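Hi,

Here is the structure I promised to pass on. Could you have a look at it when you get a moment?

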Amino acid sequence: MGPGSAGPEPNQPRTGPRPDGAPGTGGQVQPQTQDETVVVGNGNNRMRETAARTQNWWQEKLHRLSLHSRVTLLAAVAVGLAVAFVSLAAYLTVRQQMYQNLDDSLVTRARAAAASQVITDPAVIAQTPPDALGLSDTRIGLLFENGQALGVSPAYLPPMGQDELNIAKTQSDNPSVRTAGAPNGTPYRVVAVKADIPHSNVKAALVVAQSLQPIDQTLHNLGIVLWAFGLLGVIGAALAGNAIAQSGLRPLARLTGAAEHIARTEQLNPIPVTGSDEISRLAVAFNAMLAALARSQDRQRRLVGDAGHELRTPLTSIRTNLDLLAQADKRGGLKPEDRQQLLDDVRAQMDELTALIGDLTELARDTPQVRNAELIELSNVVEDAVIKVRRRAPGLEWDVKINPFPVWGDERLLGRAVTNLLDNAAKYSVPDDAATARGEGEPVGRVTVRLLDGVLTVTDTGPGISEADLPHVFERFYRSSEARSRPGSGLGLAIVKHAAEQHGGMIYARNVPGGGAQFTLWLPHAATQTR
């Protein structure tokens, strides 16, 4: 038997089947009835529900804690668990080793005493107290096979039970080892070995018992020391976790304060960044987001300001024409031809206003990339735009040569960009004196369109672009001095640039030898684009 095992005392009934058939330790377990199974199942369900509620409660409590508190608690719990496991392992190891050493010592001493056949002599053991043998902490006794115990006195008899009686009856070479309590409540480690009675055939066992109070006191002191050091370790871990949390979360606190300041003042100033850890990387990403937001905000401000300025002109013209019409009606009205001219002017201003609002809506989206891109054939987009613009400019000669080229993109946006390029070329290819410069059936200008390997070039025969205006032709609402006499809002080429950038392409302008401007739009092939 191992340490800590205890056998029954003499004359005590062994655990076994009871007369009524109820199961005992040594009896057979009766099968459960259906009702008992249901009760057990309901109990398991209740236990699971209780565990789930407890887990939810802990999660709710943890979610309410700050990150600083979570780091501190995590450090304390981690160190506490480590200390607990180490302390438990140390305590159990020491306890097992001390019990094992005691058992080995008792078995060796008991076998030596039994082999000498001195202490096993009933006359000697009845008159020799353990003190005389130098065994003041030990009790010695003989247990015969009939259950009779013999010692110097009943007060000095060791605890005896069924295990010791079995050794006396069977004379087994394997000793019995167990823990038992004395009548005074003191625990003893009891060892029984077979004993030969001199000059007698009576079977007996020599029983030796040693008090466990010294070992228990040592283990008690060890437990107190482990608890004390464990508690100090947990407290130290909590303090260290608190210091680490304060030091590690200080940059995050600064970042939070800066974000709150930006939200409160709407000033998109970058946050100072120091170091290269994860918090610093977060600050760098936050600054990049602020820069992008500032650029978008600046574009929106410029767009709103320019839009207000450009909308004021057609609205003022429409209002002036309507006021003239109202005043003329009070004075008797205008001539039919003057009235018609005034209405045509109002309609032209309304068309210009409608086109301007459409262009503003397109540019106000300010999306970083094309959404819901699809595979389209750019040659079809260019061909449709040429047909549409040719109807609006019948006096021009169109030289068109296009080859198939697939791209991923937004067909509507690309169609508008190509149409704007062709409209711009058609507008400047028609001279101001077109009615007098053109003979019967002669074109007043020519527009050349080429689409080769994803490069769309549109060339007109107009006056070209001055060197001062060339860097600004794609800016929103920019109009050169020569263009102010022609219709338009200055947004057409800006939409072309916007569409090219959204599709991963580019657009640039130049003057061609012999007069005229050439616009080149490049878009990547569908095979090289990412969807």
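Below is what turned up among the charged and aromatic side chains.

A word on the ground rules: this is a predicted model, so local features need pLDDT of at least 70 and side-chain atom pairs count only at pLDDT 80 or more, while totals for chains, interfaces and linings use all residues. Residues are numbered from 1 along each chain as its sequence is written, and side-chain values use heavy atoms, with hydrogens and water left out.

Salt bridges to begin with. Searching the whole structure gives five of them, a salt bridge being a side-chain nitrogen of Lys or Arg within 4 Å of a carboxyl oxygen of Asp or Glu. Three are worth walking through.

One of them joins Arg189 to Asp103, with 2.7 Å from N to O. Arg189 sits in strand E4 (residues 187-196) and Asp103 in helix H2 (residues 67-116), so this contact ties together parts that are 86 residues apart in sequence. (Helices here are DSSP runs of H or I with at least four residues, strands are runs of E with at least two, and both are numbered from the N terminus.) Arg189 and Asp103 are both buried; that means under 20% relative accessible area, with exposed being over 50% and partly exposed in between (1.4 Å probe, protein chains only).

Strand E4 also carries Lys194, which forms a salt bridge with Asp173, their closest N and O atoms being 2.7 Å apart. Asp173 lies in the loop between helix H4 (162-170) and strand E3 (176-181), so here the parts tied together are 21 residues apart in sequence. Asp173 is exposed at 54% relative accessibility, whereas Lys194 is partly exposed at 35%.

Then there is Arg450 with Asp399, at 2.9 Å from N to O. This pair links strand E9 (residues 445-452), home of Arg450, with strand E7 (residues 396-402), where Asp399 sits, 51 residues apart. Arg450 is partly exposed at 22% relative accessibility, and Asp399 is partly exposed at 27%.

On to the rings. The count comes to one aromatic pair, where rings of Phe, Tyr and Trp (its six-membered ring) pair if their centres lie within 6.5 Å; planes under 30 degrees apart are stacked, over 60 edge-to-face, and the rest tilted. The pair is Phe474 with Phe519, edge-to-face, at 6.1 Å centre to centre and 85° between the planes. Phe474 is in the loop between strand E10 (455-459) and helix H11 (492-502), and Phe519 is in strand E12 (residues 517-522), 45 residues apart. Both Phe474 and Phe519 are buried.

Cheers
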